[in-house]
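Grab a pencil and have a go at a few short exercises. Try each task on your own before you read the worked solution.

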Amino acid sequence: MTDPLNIAWILLCACLVFLMQAGFLCLETGLMRAKNSINVAVKNIIDLCFAGLAFWMLGYAFMFGESWGGWIGTQGFFFGQDESPWMLSFFVFQAMFCSTSATIVSGAVAERMRFLAYAITALVLVVLIYPVTGHWAWGGLPHGAQDGWLARLGFIDFAGSTVVHSVGGWVSLAAVLRLGPRLGRFDSAGRAMQGSNLPLTTLGVLLLWLGWFGFNGGSTLALNEQVPLILLNTFLAAASGGLTAMAYSYAARGQLIVTEPLNGIIGGLVGITASCHLQEPAFAALIGAISGLLVSLGTAALVRLRIDDAVSAIPAHLFAGIWGTLAVALFAPAGSFELAGGRLAQLEVQALGILAVGGYAFGVSVIALWILDRLYRLRVDAESERLGLNVVEHGASTEILELLTEMDTQRRLGDFSRRVFAEPHTEVGQIAHQYNNVLHRVSEEIHKRESILRDLTASESRKSAILDAVLDCILTIDHAGRILEINPAATRTFGCSSRAALGRPIADLIIPDDARPAFDEALAMGFVTEGRFVVNQRSHTILKRISGETFPAELTIARVRNGQHPEFNFHARDITRQREIQRRLHQLAHYDGLTGLSNRQFFRQNLSVQLMGAAPHGVAVLFLDLDRFKNINDTLGHAAGDQLLRSVAERLRAALRNEDLVARWGGDEFVVALIGARDRESVSLKAAQIIERLAEPHLLEGRSVRAPTSIGAALYPEGGTSADLLIRNADLALYRAKSNGRGHCQLFDPALASEVSERLEFENDLRDALERGELDLFYQPQLEVKSGRLAGLEALLRWRHPDKGMVSPAVFVPILEELGLIDLVGEWVLRSACRQHRLWREQGLRPPRIAVNVSGRQFLRMGFADRVERILSEERTAATDLELEITETVLAHDTAICIETLSRLKRLGLEIALDDFGTGYSSMSYLKRFPIDTLKIDRAFVGECDINAEDAAICTAIFSLARGLGIKTLAEGVETPGQLDFLRREGCTFYQGFLCRKPMPAEETADFIANPLPAGERDL
């Protein structure tokens, strides 16, 4: 025992255990919030001072003095006089053990226990608890004897899993139960309070790990052959505990919580401390792993029980200490249990020791803390805990505290003009600097808002003037629905004076009785519920005047004031006249003026809607044509023909159901959509009924006239899956019905499908037609009606199919549009027409301007005018040599784009013609709003203008309108001298058609330009 090497070893290990105090200091300080870090550090220092002095005066005697019945030592007080160097070394080593036990409590109760109360608690631990329980297990240790009653039973606790760590854990548990949790620890989600410096905590654990080598290695009391194994087992247990806790963190939380492996390392060290001299390395690693898991599970259990252990001292030292003490009996070699008499008996002894030490330590702690709390409050008050123990208990101050104090002073005084002090080279100084920036910005915003307020006050009179001048009704109400403001337009619209309206509930004034419940409910909810009265949503509703008369209105409700008593603006507009105009426009745009049936466009739209339904099967389209209508017109006159068309329309309505669709397609053609048709047989039966009903005599001007009908039918989906395909295929079937004898119905069948197949072939061929040079331009002359002078040429696209010959544009132009090739082909047409005009000029001819048709898609594409200008420049063609033809449907899309494009084209010098006028939307507003030079009257009106009163009236009206607006007119499809005479009488400007010439290729057109035919001569 007196070997200097052994003495040196014990002193070295004592120094390593002393180093553990630095580890505990770093560990606990890093886990605490910054406002309590100084308090925690001071408590650690006091631990060492109290433990050292108290152990010197009393503790050593109680623990290692001559035993009184195995319960407590009785000699060795004020240890040190006349003792050997080895005994002095032993004392120093054990004093470090005592301070370790006290330090465990410091971390558990941190951030809420008063400093003096903690000092007294630590004193009770190192005088009354630790030495007594230490005597039971280690009494007589300096002399190699077993004086303590637990030691005599064979209790093994080599370096103090129970004597040191569990004792500290039991006292910690009693203290935290007495103190309760920290403020806010278990509020809402009960999130853990974040430490101020986790890297410092990690350093603390590493220092503890290093010190533990002295803790366990020095317990041999000699530098012998056991030391290497002890050090290895200590390392393995700590590493295993850390890894197990880390695995638990990933399994339980899906991420690594830094404190988990740190506490697991400490748990592994505590667990192996009881038997590090006995275990094989594999068992040491297992004990450490289980210790780490127990620490993690124990920490989670304490949280569930709302027990606030600030640094997880209880799981790491108490739970792991109990496990390590039991593990002695479970894994140590059986030869180590000679006193107990076997492994099971040893397990009983270990359990007895745990219970005895725990009962004594916990019981004494509970009693001592209860007495102390009665005499001197253990816990700081709530305000002190909020401010932090650094300030309250030690008068310490920090930069952040000074900053918070300045900010609180500003809050109390309401003076934010002064800036807080900002140290430029610290983090707190940077925070203060940013706070000053915020104050500066807030000051700027306040000045801006004051300026805005002044402007608003100054503009109050202007606002009143505006409210008085607007034509819409504006009313302001409070949260109870009482009228606060009303403008003159509202008083006129609702028929009451402002004096009579102010203060009255708005519902009494403008809400009809049947809408009153819905309005009252919406008002009570602040107009945020679904319905007619919703804030920030424009809706159509019915309002009433003071007389009780109701009228349709467009209503918008806006919140103008928030808070407990909000205010709302009601913006109402009487739309009675607007509704009537819309109804008339809808009638003109969607219905045939003669029969009252839908027109073709409206029919397409409605049919498309039906086909977009959840179950479009059972839709059939019938295409009807009156077989002898032309004879009736020729013999009885157009008035009788119109009467017949009206009669047919009435019979069709009577023969169909409400859900079926019917429209006049044009001339003597009608189209019907049967909704819910079951099969081909039911469609055929219905068609037969219609044919039979229409074949009955019609009474026209006193004469009985029959009008047999042919019908073509197409059934969804075999007859087409879109409105256009169904109509087209029904039309194909109609022609088959006519060719087969008229007066019956023909269903679209596979034989007709070959025409669809042919169309697909056209699509495939069209993709390559432009590259192969199969597309060509033909030119049809446009002559002046009065003089017969050649005034222009219309460029018409033709397709010379290699197998089918010349293909009509009516066949392939729609296909080009569907394939998306119309833009490419349209630009080619435009460029080719310009190039041809230049070639004719170079040949010495004097060609007139060329009119080129522009598709809607091409015209509406961005940059169209730029492309036209570029083509004119590249082909060296003057803008006056070119005229662009567009249709009415193009102008109905985007007014702004159309106006901009047309204006740009006009500035270039081009003329604009409106093609097919009268067949589309026919809105007179087009002629007023758009720069149109020429109206082209569709052949549908020109074809019978000289024999049909209705067509003649339409043409006459168009000519008169055009003259009034200064717009030229051009009639299409002129084929007879009678038509030309009519046009000449009515003042039409130009015409084109077979009466003059069919469309010609460029070579023929060049001859015609050089030698135009006399007016009236035509080429059939």
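**Exercise 1: the sheet**

Work out the strand order of the open sheet, then find its edges.

Solution. Keep in mind that this is a predicted model. Step one: the five strands line up as E2-E1-E5-E4-E3, with antiparallel pairing, in an open sheet. Step two: look at the ends of that order. Strand E2 (483-486) and strand E3 (539-544) each have a single partner strand, so one side of each has no neighbour in the sheet. Step three: check the twist. On average, neighbouring strands here are turned by 35° against each other, direction ignored.

Now zoom in on one pair: how many bridges join strand E4 and strand E5? Strand E4 (residues 550-561) and strand E5 (residues 567-574) are linked by eight bridges, in the antiparallel sense. For one of them, start at Ala 553 and you land on Asp 574 in E5.

**Exercise 2: a bent helix**

Find where helix H4 kinks, and say how covered the helix is.

Solution. Step one: follow H4 along residues 115-138; the kink is centred on Leu 125 and comes to about 35°. Step two: count the buried residues, meaning those under 20% relative accessible area. In H4 that gives 19 of 24, so the helix is mostly covered. Step three: carry on just past H4, where Gly 140 has a positive phi of about 85°.

**Exercise 3: the cavity**

Which helices give two or more residues to the lining of the largest cavity?

Solution. Step one: the largest cavity has a volume of about 70 Å³. Step two: read its lining, which includes Phe 24, Thr 103 and His 317. Step three: the helices you want are H1 (4-31), H3 (85-108) and H11 (313-331). Sorted by class, the lining has seven nonpolar, three polar and one charged residues.

Notes. Residues numbered from 1 in each chain as written. Predicted model: local features only at pLDDT ≥ 70, side-chain atom pairs only at ≥ 80, totals over all residues. Heavy atoms only, no water. Bend = angle between axes of the 7 residues up to and from the residue. Helix = DSSP H or I, 4+ residues; strand = E, 2+ residues; numbered from the N terminus. Buried < 20%, exposed > 50% of the residue type's maximum accessible area, 1.4 Å probe, protein only. Pairing = 2+ DSSP bridges. Axes fitted to C-alpha atoms, helices over the stretch in contact; angles between N-to-C directions. 1 Å grid on protein atoms, 1.4 Å probe; cavity = no way out; pocket = protein on both sides within 12 Å on 5 of 7 lines; lining within 4 Å. Points joined across faces, edges and corners; volume = space filled by probe spheres on them. Nonpolar A, V, L, I, M, F, W, Y, C, P; charged D, E, K, R; others polar.
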